[in-house]
Amino acid sequence: MMESNMNYMNALRGLGTLTHKKKHDCLYNRAHMDKYVYCLEEGLCALHSVSPGGRERIYQYFLPGDFVGFIPASARPYLEDTFYAFSITAKSACTLYQIPYSTFREFVEAHPDFYRWLFETAIAHYDNALKHCYALQDGDNFVSLCCALTELAIYEDTHYVIHKDFSYSELAGYLGIHTITVTRLMGKLKDMGIVSKRGHQTVIQNMEQLTAMAQARC
């Protein structure tokens, strides 16, 4: 690419307005009239759906540094009765730069090389969603948890960590299992010396071993 990813992100931030969202605030759905893409600075967001019975299913998480909501800005309009169930929602208090669709499209047209970065980002999101769905179909809760931890880990200082807003309850919802099951399986990982706790944050002490267990079937 002619410009670095960081230069693109900084340029996009410069086009946006810094905003703050509360937990459960909607960033996007078909009924939501605000039309923005976002650079996520702090917090946790998710692409998810809620069934008529109230059951949540999470397909993709977005962590600090992610670019959120650019696919709806680029895609053709869907039929009015399609995809109403899907939303991008703040899962914690979030700080974001919001960029109107029209401004975003103008930037894309002015920077053709930016398409490559968008494509790579979309593929990464798609790949993570596929891996997550495959892990859930496997039926092995321990392997699914290991897959999720490797997917959601971010490198901070000298260790990989799990974002502080990933409570055991949040992980349980992502994996479709009970919070008690996540607590038990995380206890097993602690006993193995693979993870530890630092305040409310999970620290991965042995990413190599965790990855090997995740790749058993993930």
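Let me begin with how this chain is connected: among contacts between residues at least 6 apart in sequence, 72% join residues at least 24 apart, where a contact means heavy atoms within 4.5 Å. Please keep in mind that this is a predicted model, in which local features need pLDDT of at least 70 and side-chain atom pairs count only at pLDDT 80 or more, while totals for chains, interfaces and linings use all residues. Residues are numbered from 1 along each chain as its sequence is written, and side-chain values use heavy atoms, with hydrogens and water left out.

Now the overall picture. The chain contains eight helices and twelve strands; these are DSSP runs numbered from the N terminus, with helices being H or I of at least four residues and strands being E of at least two. Of its 218 residues, 42% count as buried, and by buried I mean under 20% relative accessible area, with exposed being over 50% and partly exposed in between, using a 1.4 Å probe and protein chains only. The chain exposes about 11,800 Å², of which carbon and sulfur atoms supply 54%; such areas come from the Shrake-Rupley method with a 1.4 Å probe, and for residues only the protein chains shown count as cover.

Let me turn to the sheets. Strands of a sheet pair through backbone hydrogen bonds, either parallel or antiparallel, and here two strands are said to pair if DSSP finds at least two bridges between them. One open sheet has four strands in the order S1-S8-S3-S6, with antiparallel pairing, and its edge strands are S1, residues 17-21, and S6, residues 67-68, each of which pairs on one side only. Five bridges join S1 to S8, which covers residues 94-100, and within S8 the bridge partner of threonine 19 is leucine 96.

Further along the chain, S9 (residues 153-156) and S10 (residues 159-162) pair in the antiparallel sense over four bridges, with isoleucine 154 standing opposite valine 161. Their hairpin has two residues between the strands, and aspartate 157 takes a positive phi near 60° there. S10 is in turn joined to S12 by three bridges, again antiparallel, and isoleucine 162 stands opposite threonine 202. S12 also runs antiparallel to S11, residues 195-198, through four bridges, where arginine 198 faces glutamine 201 as its opposite residue. S11 and S12 form a hairpin with two residues between them, and glycine 199 in the turn has a positive phi of about 65°.

What covers S12, and on which faces? Both faces are covered, since Gln201 and Val203 on one side and Thr202 and Ile204 on the other are all buried. Threonine 202 has a relative accessible area of 5%, and, not counting residues up to four places away in sequence, threonine 202 touches Val161, Ile162, Met186, Val195, Ser196 and Lys197.

That brings me to helix H8, residues 207-214, whose buried residues are Met207, Leu210, Met213 and Ala214. These four lie on the same side of H8 because they cover an arc of only 125° around the axis, the arc being that of the directions from the helix axis to the C-beta atoms. They pack against helix H5 (141-152), S9, S10, helix H7 (179-191) and S12 (201-204). Leaving aside neighbours within four places in sequence, leucine 210 is in contact with Cys146, Leu149, Thr150, Leu189, Ile194 and Ile204.

Leucine 210 also appears in the largest nonpolar core, which has 33 residues, and is listed with Tyr61, Leu149, Phe166, Met186 and Leu189 as those with the most contacts inside it. A nonpolar core is a set of buried Ala, Val, Leu, Ile, Met, Phe, Trp, Tyr and Cys residues joined through side-chain atoms within 4.5 Å. Strand S5 (56-62), H5, helix H6 (168-175), H7 and H8 each supply at least two residues of this core, and the largest share, eight residues, comes from H5. Apart from it lies another core, of 26 residues, among them Met9, Val37, Cys94 and Leu118.

Finally, how many disulfides does a search of the whole structure find? The search finds zero, a disulfide being a pair of cysteine sulfur atoms within 2.5 Å. For cysteine 45, the nearest cysteine sulfur is that of cysteine 94, 3.7 Å away. Cysteine 45 is buried, with a relative accessible area of 0%, and cysteine 94 is buried at 3%.
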